[in-house]
Every structure is written in structure tokens, then in C-alpha cells.
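Reader: Could you walk me through how to read a few features of a model like this one? I would like the general idea, and then the case at hand.

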Amino acid sequence: MIEVLKKNYGHFLMEGFGLFIFMVSACFFGGILEHQSATFNIGIPNPKIRLMIMAIAMGTTALVIFLSPLTSPSGPVINPSVTIMRWCLGQLCREKLIWYSVFQTMWGLFA
């Protein structure tokens with residue numbers, strides 16, 4: 001199991017970093033759009049428009065993560081549930097499933 005970590009630690013770090021970026025982005029955009037005293041919340045009173053802006057922001061964040069040379073080499077899924085699904089489909093071995101999930105969880109908590 002340690003051999004898998006040594007061989008693929010770069011991909012595990014990329015995967016965790018991708019989730020970190022996504023979580024920080026979600027907190028940032030959620031805060032500036034939905035906090036009651038935030039300028040965007042006051043300036044855009046319609047919650048459906050703020051939700052649309054949030055969707056565009058998070059979709060753009062996901063695209064940047066998926067296409068970035070810092071995170072794309074790992075085949076980014078940035079989500080432990082998608083990692084488990086890839087394991088169930090036979091696309092990942094059990095050791096990689098464990099390490100991807102550990103790194104995703106650590107970086108998600110760090111965010």
C-alpha cells in the first residue's frame with residue numbers, strides 16, 4: 001500500500017488540491033452572494049439570479065480544475081463519492097481508492 005503512495009503521491013496531492021480549490025471557491029462565492037450584509041446580496045435582491053451566478057461561478061471553477069495543468073493529470077474527480085464509483089466500476093484499485101479518499105478528505109477539511 002505504501003508503494004502505491006510513493007508511486008502516485010503527485011496525483012493524490014493534485015486530487016486533494018483540486019478539492020481544496022473547489023471548496024474555497026464555494027465558500028467565497030457563497031459568502032459574497034448570500035451573506036445578508038454582502039454587497040452582492042443587497043445589490044441583487046432576486047435569489048434566483050444569485051443562484052444562477054453561483055452556478056456559473058462553480059461551473060467555471062470546476063472547468064478550471066479539470067483543465068488546469070496543476071490538477072488535470074490525476075484525472076480529477078475531486079469528490080470521494082465519485083472516486084468510490086470509479087472503484088466500483090473497476091477503474092481504480094483498492095489502494096488508490098483509499099489514498100485518493102484520504103487526500104480528498106484531508107484537503108477538503110483543510111479548506
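Author: Happy to; we will take helix packing, salt bridges, a surface patch and some pairs of residues in turn. Please keep in mind that this is a predicted model.

Reader: Let's begin with helices. What describes two packed helices?

Author: Two values do the job: the angle between the axes of the helices and the distance between those axes. Here, α1 and helix α5, which covers residues 94–110, pack at an angle of about 35 degrees. Their axes are 8 Å apart.

Reader: Is the crossing of α1 and α5 left-handed or right-handed?

Author: Right-handed, as α1 passes α5. Sorted by class, the residues in this contact are 14 nonpolar, 5 polar and 3 charged.

Reader: Now for charges. How many salt bridges does the structure hold?

Author: To count as one, a side-chain nitrogen of Lys or Arg must lie within 4 Å of a carboxyl oxygen of Asp or Glu. The structure holds 2 of them. In one, the side chains of E34 and R50 meet at 3.3 Å, N to O. That pair links distant parts of the chain, with E34 in helix α1 and R50 in helix α3, 16 residues apart.

Reader: Is R50 buried or exposed?

Author: The cut-off for buried is under 20% relative accessible area. R50 has 7%, so R50 is buried. Its partner E34 is at 42% relative accessibility and therefore counts as partly exposed.

Reader: And which residues form a salt bridge at 3.9 Å?

Author: Those are E95 and R94, whose side chains meet at that distance, N to O. E95 is partly exposed, because its relative accessible area is 23%.

Reader: Let's turn to the surface. Which residues make the nonpolar patch?

Author: Patch members need over 30% relative accessible area and no salt bridge. In this model, M1, I98, V102 and M106 make a nonpolar surface patch of about 310 Å². M1 is found in the segment before α1, a helix that spans 2–34. At 43% relative accessibility, M1 counts as partly exposed.

Reader: How should I read residues that are separated in sequence? What is the C-alpha separation of M58 and F22?

Author: The useful habit is to set the separation along the chain beside the separation in space. M58 and F22 are 36 residues apart along the chain, and their C-alpha atoms are separated by 7.7 Å. M58 is found in helix α3, residues 47–67, while F22 has its place in helix α1. M58 is buried because its relative accessible area is 11%, whereas F22, at 24%, counts as partly exposed.

Reader: How many residues apart in sequence are F22 and L89?

Author: They are 67 residues apart in sequence, and 25 Å apart in space from C-alpha to C-alpha.

Reader: One last stop: where does P73 lie?

Author: P73 lies in the loop between α3 and α4, the latter covering 80–88. P73 has 41% relative accessibility, so this residue counts as partly exposed. P73 and T83 are 10 residues apart in sequence, with 15 Å between their C-alpha atoms.

Note on methods:
Residues are numbered from 1 along each chain as its sequence is written. This is a predicted model: local features need pLDDT of at least 70, side-chain atom pairs count only at pLDDT 80 or more; totals for chains, interfaces and linings use all residues. Side-chain values use heavy atoms; hydrogens and water are left out. Patches are made of residues with over 30% relative accessible area and no salt bridge: like charges are joined within 9 Å, nonpolar side chains (Val, Leu, Ile, Met, Phe, Trp, Tyr) within 5 Å. Accessible areas come from the Shrake-Rupley method with a 1.4 Å probe; for residues, only the protein chains shown count as cover. Helices (H or I, at least four residues) and strands (E, at least two) are DSSP runs, numbered from the N terminus. Buried means under 20% relative accessible area, exposed over 50%, partly exposed in between (1.4 Å probe, protein chains only). Axes are lines fitted to C-alpha atoms, for helices over the stretch in contact, and angles run from 0 to 180 degrees between N-to-C directions. A crossing is left-handed if the near helix is turned anticlockwise from the far one by less than a right angle, and right-handed if clockwise. Ala, Val, Leu, Ile, Met, Phe, Trp, Tyr, Cys and Pro count as nonpolar, Asp, Glu, Lys and Arg as charged, and the others, Gly among them, as polar.
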